[in-house]
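Please work through the exercises below with the sequence and the coordinates open beside you. Each task is followed by a solution that goes step by step.

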Amino acid sequence: MARRPCRFGPVLSVLLSLAACTAPPPPPEAQPAPPPPPVQVRVGVASPGDPADELEASVAAPVEAALARLPAVRRLYTRSLEGRVDVVATLTDAGALEAVHEALGGVLSLLPRSAEPPVLHRLGGAEPALAIATLPEFADTVRSGLERVSGVGRIDVCGVGERRAAVVLDRSRLAGVPLDRLVDAVTAALADDSAAPLFERLAALPIAGSLRLRDVAILQDGLRPPPCRAWTARGPVALLTAFTQSGADPRDVSTRARPHAVDLVSPTVDFFADPLPDDGDLAVLTAELQPRDDLGTTVAACLAALPDLPAWALTVAEPAPGEPLARVRLQLGTSVTFPIEHARNAMSRCTGSPRVAAIAPRARADHGLSLHVQGQDPDLRVGLARRLAERLAGLPRVTGLKVRAPEPGSLKVELSRDDLAARGVPVAAAAAVVRLAVGPVTVRGSRADGLRLGPELAVDIDVLDRTGPIEQLARELHVGSPTGPIPLSDLVRVQTTTGGPLYRIDRVAVAAVEVRLRSAADVEAVRRAINDLELPVGIAVAQAGELPEIDP
């Protein structure tokens, strides 16, 4: 008998279908771990008195070459200015820091003798967590309290002068005085642990023959004016801003830091440490303005007169080296009821500047980018960068604009090592007098263990009258030698050189334009402005991300 074919009823068919649909899915594939975040470090090398173009070749180039050989280095950004070179390296991850340390150790022998050892500092990842306004005499106490709080990175202090002694040389009495030995004598006095007051020791220092320091200089004591001044609604203050360590949450750090700072200070002190609302942030806005004596007091008075402005603090910093404009910053708490645009409008009104940029918190900061003008001719690079900045200044959504390019030419004082050797003059002795010829010199002593003394024992040495050309001053200042004092003018050559600061990106000389915009959507307007600009032959403009802040 023939076998019947198997047939399934509709219910069984549905059950089989459901069983197939509900079978367990295959195990998910393991996802690769996200790459570690990049890290930025700044390598700083000081070489007081040396011009920017010399340092670019003698210091910047060997440091860049050593770092560029490391596989973890993704980008180099270099600034050379008179007396200092800073190289910011972007690394793939924090694990490369040890390799950077080793690379810098190999550079030491390649640097000029006048250069100090490189100093490595980690950048990035820091957010403002807490700002406290207090009296200058309480600033050190507040700083000490904040430094002990977990999650606090750097602490910026504004509005506090540094205590300094000053030796002001009388130019009319310096004939035949070996100034290198004067500088050495002051340095030795700082290292002396004698119980006698510093001023007494300085005044009695033997300088040349029967001359004492008091015979050729005026000695002064007091606070050096702070390079940064701060105000709140109640007037001038000392402002301390605590920044987070990389990755720390600003609100958590603020919650932990505030009691430490408040508990250590007299209750009569005016605080800018009110807890922010749950929906708020500590915002920072900035503008760059022409410096003037009443800039801070004028802006602060305007802010104090505005109704409904949350607690705020204003800082005004002197222009950075090689830059003409003062940096004005406003810190205040923002919230849903007082958003960051309200803060921007208030600062724009009080500064009279339409360009006010929001730089913190990072989530609400303006969009930053940089334009790199490249080419062999440095004058064409600088000229085009300035023209480009002028064009971008007219765009309505630009909130910040800065040209990173050399200033006009400056004077260069050049030493001849052969001439120095022939006269038996050490290079360090001549360099010390050259530094004094071009500006004030700060001298610090050292303990026997090599640790640097505190700032209260630093001494500024300066010349009372600097009128007239530097060539004339070089004829009046003397350097010691085995045969007697020699005029500095016999040992140096003064000539015009390229002004600083000089900038390089990935070891290529550039003039850069830094731009801040309300949002990333405004980049297209910047591109159109570049496309409409006629470029000289051999000059190109490249767009890149925001440049790191070299000066904290």
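The exercises that follow concern charged side chains and one glycine in a predicted model.

**Exercise 1.** Determine how Arg344 and Asp366 are paired, where each residue lies, and whether each is buried or exposed.

Solution. Begin with the closest N and O atoms of Arg344 and Asp366, which are 2.9 Å apart, and this pair forms a salt bridge. Next, place the partners: Arg344 belongs to helix H10 (residues 340-351), whereas Asp366 lies in the loop between strand S16 (357-360) and S17, so the pair ties together parts that are 22 residues apart in sequence. Finally, turn to accessibility: Arg344 is buried because its relative accessibility is 4%, and Asp366 is buried because its relative accessible area is 5%.

**Exercise 2.** Decide which class of accessibility applies to Arg154 and to Asp156, the partners of another salt bridge.

Solution. The closest N and O atoms of this pair are 3.0 Å apart. Since buried requires a value under 20% and exposed a value over 50%, Arg154, at 31%, is partly exposed, and Asp156, at 27%, is likewise partly exposed.

**Exercise 3.** Find the side chain of opposite charge that is nearest to Glu56, and settle whether Glu56 has a salt bridge or none.

Solution. Locate Glu56 in helix H2 (residues 52-68). The nearest such side chain is that of Arg504, 4.1 Å away; because a salt bridge requires the nitrogen and oxygen to be within 4 Å, the buried Glu56 has none. Glu56 nevertheless touches Arg504, as well as Ala61, Ser80 and Leu502, when residues up to four places away in sequence are not counted.

**Exercise 4.** Describe where Gly375 lies and which residues it contacts beyond four places in sequence.

Solution. Gly375 is found in the loop between strand S17 (367-374) and helix H11 (378-392), and its contacts are Arg381, Gly538 and Ile539.

Conventions: Residues are numbered from 1 along each chain as its sequence is written. This is a predicted model: local features need pLDDT of at least 70, side-chain atom pairs count only at pLDDT 80 or more; totals for chains, interfaces and linings use all residues. Side-chain values use heavy atoms; hydrogens and water are left out. Helices (H or I, at least four residues) and strands (E, at least two) are DSSP runs, numbered from the N terminus. Buried means under 20% relative accessible area, exposed over 50%, partly exposed in between (1.4 Å probe, protein chains only). Lys and Arg count as positive and Asp and Glu as negative; His and the chain ends are not counted. Contact means heavy atoms within 4.5 Å.
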